Every structure is written in C-alpha cells, then in structure tokens.
Amino acid sequence: MERKVLVVTKKQNNLLDSLKYFFDQEKTEYIVSDDFDSIEKDITNIIYFNLDENDSQLSRKINLPIIVIESKKQIMKNNSSTMNYIITSLLHDEINYTEVQKEYLFKKGIYNIFLQKISELLENVNQYNNIIYDITEIKVAPDNWIFNFESISETYHWLSKKNQSLSNGFPRKVINFYDDKIYNDSAKEINYLTEKIIEIKNNMKVIDLFILTKEEFHKLKDNYFFKLLLKHVSNTYHLYLIDREQLEEKEREILEKMLDGIVVYDDCVYRDTYQDEFSLGYVDCNQKTIDEYNEIFDYMMNTYGYPVNSESDGNEFFK
C-alpha cells in the first residue's frame with residue numbers, strides 16, 4: 001500500500017517546509033490541512049503540529065498512526081490510534097533562511113535529524129507507541145553553512161536545479177579555468193553545457209571569466225561549446241578573458257582563492273574541487289563568503305578582464 005500522509009498544522013513555517021522537502025525527496029504523497037476534517041480514505045499516516053496546549057483535536061476517534069510534533073512534552077490520550085512524539089523547538093523556528101540555507105539545514109543540519117526521526121516513525125517497524133524523541137537540546141545554528149555532495153551526479157543535478165531557479169535580478173558570475181575534465185565529451189558535462197547555452201539563449205544574465213594561458217586558450221577555442229558561447233555574447237551574456245600568467249605574477253593570493261573555479265550566486269558560492277574524486281565541488285552559504293567572492297569577481301573583471309565578442313578578439317588578446 002502506498003503511503004499518503006496528512007499534515008495537520010495551523011502554521012506555515014520552516015518545519016513544514018522541511019517535511020515538504022522530505023516528502024518530495026521520498027516521492028511520498030501528502031496533504032497539508034489546518035484540521036482533521038481532511039482525512040481521506042487513502043490517508044495512511046498523520047503528522048500533527050501541536051501548537052496549542054489546550055488543543056483538543058486529538059480527542060476525536062482516529063484509527064491511524066499519528067506523529068505529534070510539539071515544543072514541550074504533553075502526552076495526549078487517544079486509545080484508538082498509535083501515537084508517537086517528537087519534541088523540538090523547531091516548531092517555532094521562523095527565521096527567514098535563504099533557499100540554499102534551507103537545503104543545507106534539511107540535508108545536513110538539525111532539520112535533517114528531525115526528518116530522520118520522522119522517517120523512522122512513519123516506518124515504525126518496531127510498532128512503537130507513545131515513544132518520545134526529545135531533540136530540543138540539539139544545537140540549531142550550524143558552525144558553518146558549507147555542504148558537500150556525495151557524488152558527481154548529485155553535483156550536476158544541484159547545479160542544474162540551482163541555475164534553472166535563478167531570477168534575472170542577479171547575474172550568475174562564473175570563474176572558469178581550463179581543465180581536461182571540463183569541456184570534455186562526458187554525457188553529464190554535455191548536458192550541463194547544453195543547459196547553459198539554452199539559459200543564455202533565454203536571456204538569463206550570466207558573466208563568464210575565463211582565466212587561461214595562451215596555450216589553454218588555443219585548446220579551448222576549438223571546443224564546440226566555447227564557440228557557441230562566443231556566438232551568444234549579448235546584453236545579458238558577457239564573456240571575458242584573463243591572462244593566467246599575469247595573475248600568477250601579480251595576484252597569486254587571489255588566484256589561489258579561485259582555483260578550481262567559482263560560481264557566485266545571490267545566496268551562495270559554489271566552488272569546484274577537482275581533486276575530490278567523488279564530487280565536483282561544494283556549496284558555501286556564509287554571507288561573508290558571498291560578499292568576499294562578489295568583490296573578488298568584480299575586481300578581477302574590472303582590473304584584468306578583456307571583453308570578448310568573437311574568436312578573433314581572443315586571438316588579439318593572446319597574440
């Protein structure tokens with residue numbers, strides 16, 4: 001029997017968003033309601049946000065397993081159903097996180113622990129009844145806002161999803177280095193680059209800085225996708241070349257900060273790490289990092305960037 005969950009809550013908050021994220025990841029069908037009147041015939045489980053100590057909604061007869069979420073322990077009586085509890089201060093977490101920070105919290109942070117307990121209680125293989133998980137003392141705020149990917153496929157999936165979700169209010173700022181792993185014939189790389197071309201055709205704001213030696217440029221200019229990028233330089237897509245040898249001489253410290261490549265978004269920074277054999281990079285959501293790399297990008301573009309509109313411009317720059 002397929003699982004279908006009714007979430008009963010009178011409040012939209014981050015905890016509800018985490019459940020929606022979890023159900024989407026698990027491909028679990030769910031309904032959100034502010035009362036128990038939406039118990040359809042195919043509902044298999046109920047998650048109830050107990051926001052009011054005097055709430056008597058559970059006094060009615062409900063013959064379904066229920067997970068009660070509350071901020072302090074309050075045992076309820078309902079002899080007609082299995083009832084288990086998670087006690088957490090997250091019930092009242094109303095901090096306005098960015099979407100990427102939420103993703104971090106749902107994947108790696110305190111919300112991930114909450115979701116693990118939800119998964120366990122939904123499965124309930126040991127037939128728990130009146131078990132209580134108290135996670136109120138677990139630290140909510142992370143020490144940093146950095147998360148890695150578990151595979152190269154996951155990295156590409158995240159980048160694709162992130163790029164497609166961007167608005168045109170902030171240009172995607174990309175720092176590129178030449179590497180044999182980039183612009184190769186792998187299916188994932190071809191799909192990623194094809195999506196980028198489509199985004200540029202659809203007038204998404206993108207700025208590419210290519211930091212190259214003369215020899216690397218002459219290898220890259222024959223690449224099919226790089227040629228397409230050159231053809232689509234416009235008011236919304238800008239491409240700059242930067243002489244890597246000049247940076248090694250004048251800006252070595254900044255150069256080391258940029259290897260192996262950076263994408264600066266409005267709410268995070270994605271950084272390539274090609275030495276990692278399991279993943280292509282990681283995401284940093286710290287505001288300090290975002291501000292730092294925005295400054296680095298703008299400085300590099302304005303100080304060393306050579307605007308390119310055609311292959312001949314590149315040849316001129318590296319003559």
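These questions and answers walk through a predicted model.

User: In what order do the strands of the open sheet of 6 strands run?
Analyst: Strands of a sheet pair through backbone hydrogen bonds, either parallel or antiparallel. In this open sheet the pairing is parallel. The edge strands are strand 2 (29-33) and strand 6 (132-134), and each pairs on one side only. The order is 2-1-3-4-5-6.

User: How many bridges join strand 3 to strand 4, and which residue in strand 4 stands opposite Y48?
Analyst: Strand 3 covers residues 45-49 and strand 4 covers residues 66-70. They run parallel, joined by 4 bridges. Opposite Y48 stands V68.

User: In strand 3, which residue is the bridge partner of L6?
Analyst: Strand 1 and strand 3 pair over 4 bridges. The sense is parallel. The bridge partner of L6 in strand 3 is I46.

User: Is strand 3 enclosed or open, and how many of its residues are buried?
Analyst: In a regular strand the side chains alternate between the two faces of the sheet. On one side of strand 3, N45, I47 and F49 are buried; on the other, I46 and Y48 are buried. Both faces are therefore covered, and strand 3 is largely enclosed by the rest of the structure. The count of buried residues is 5 of the 5.

User: Helix 3 packs on the sheet; what angle does its direction make with that of strand 5?
Analyst: Helix 3 spans residues 110-123. It touches strand 1 (4-8), strand 3, strand 4, strand 5 (83-87) and strand 6. Its direction makes an angle with that of strand 5 of about 175°.

User: How are helix 1 and helix 2 arranged: roughly parallel or roughly perpendicular?
Analyst: Two packed helices are described by the angle between their axes and the distance between the axes. Here helix 1 (residues 14-26) and helix 2 (residues 99-107) have axes that come within 10 Å and cross at roughly 70°. Angles of 65 to 115 degrees count as roughly perpendicular, so the arrangement of helix 1 to helix 2 is roughly perpendicular.

User: Which residues in helix 2 do N14, D17, S18 and Y21 meet?
Analyst: N14, D17, S18 and Y21 belong to helix 1. Their partners lie in helix 2. These are K102, F106 and K107.

User: What span should helix 5 have, and how far apart are its end C-alpha atoms?
Analyst: Helix 5 has 15 residues, 187-201. At 1.5 Å a residue, it should span 21 Å. The end C-alpha atoms agree with that, at 21 Å.

User: What arc do the buried residues of helix 5 cover?
Analyst: An α-helix has 3.6 residues a turn, so residues three or four places apart point the same way. In helix 5 the buried residues are E189, Y192, L193, K196, I197, E199 and I200. They lie on the same side of helix 5, because their arc is only 160°.

User: Which residues are exposed on the other side of helix 5?
Analyst: The buried residues of helix 5 are covered by elements including helix 4 (152-164), strand 8 (172-177) and strand 10 (237-243). On the other side, the exposed residues are A187 and K201.

User: Is T213 buried or exposed?
Analyst: T213 lies in the loop between strand 9 (206-212) and helix 6 (214-220). Beyond its neighbours up to four places away in sequence, it touches R244, E245 and F318. Its relative accessibility is 13%. The cut-off for buried is under 20%, so T213 counts as buried.

How values were computed. Residues numbered from 1 in each chain as written. Predicted model: local features only at pLDDT ≥ 70, side-chain atom pairs only at ≥ 80, totals over all residues. Heavy atoms only, no water. Helix = DSSP H or I, 4+ residues; strand = E, 2+ residues; numbered from the N terminus. Buried < 20%, exposed > 50% of the residue type's maximum accessible area, 1.4 Å probe, protein only. Contact = heavy atoms within 4.5 Å. Expected span 1.5 Å × (residues − 1). Arc of directions from axis to C-beta. Pairing = 2+ DSSP bridges. Axes fitted to C-alpha atoms, helices over the stretch in contact; angles between N-to-C directions. Parallel < 35°, antiparallel > 145°, perpendicular 65-115°, else oblique.
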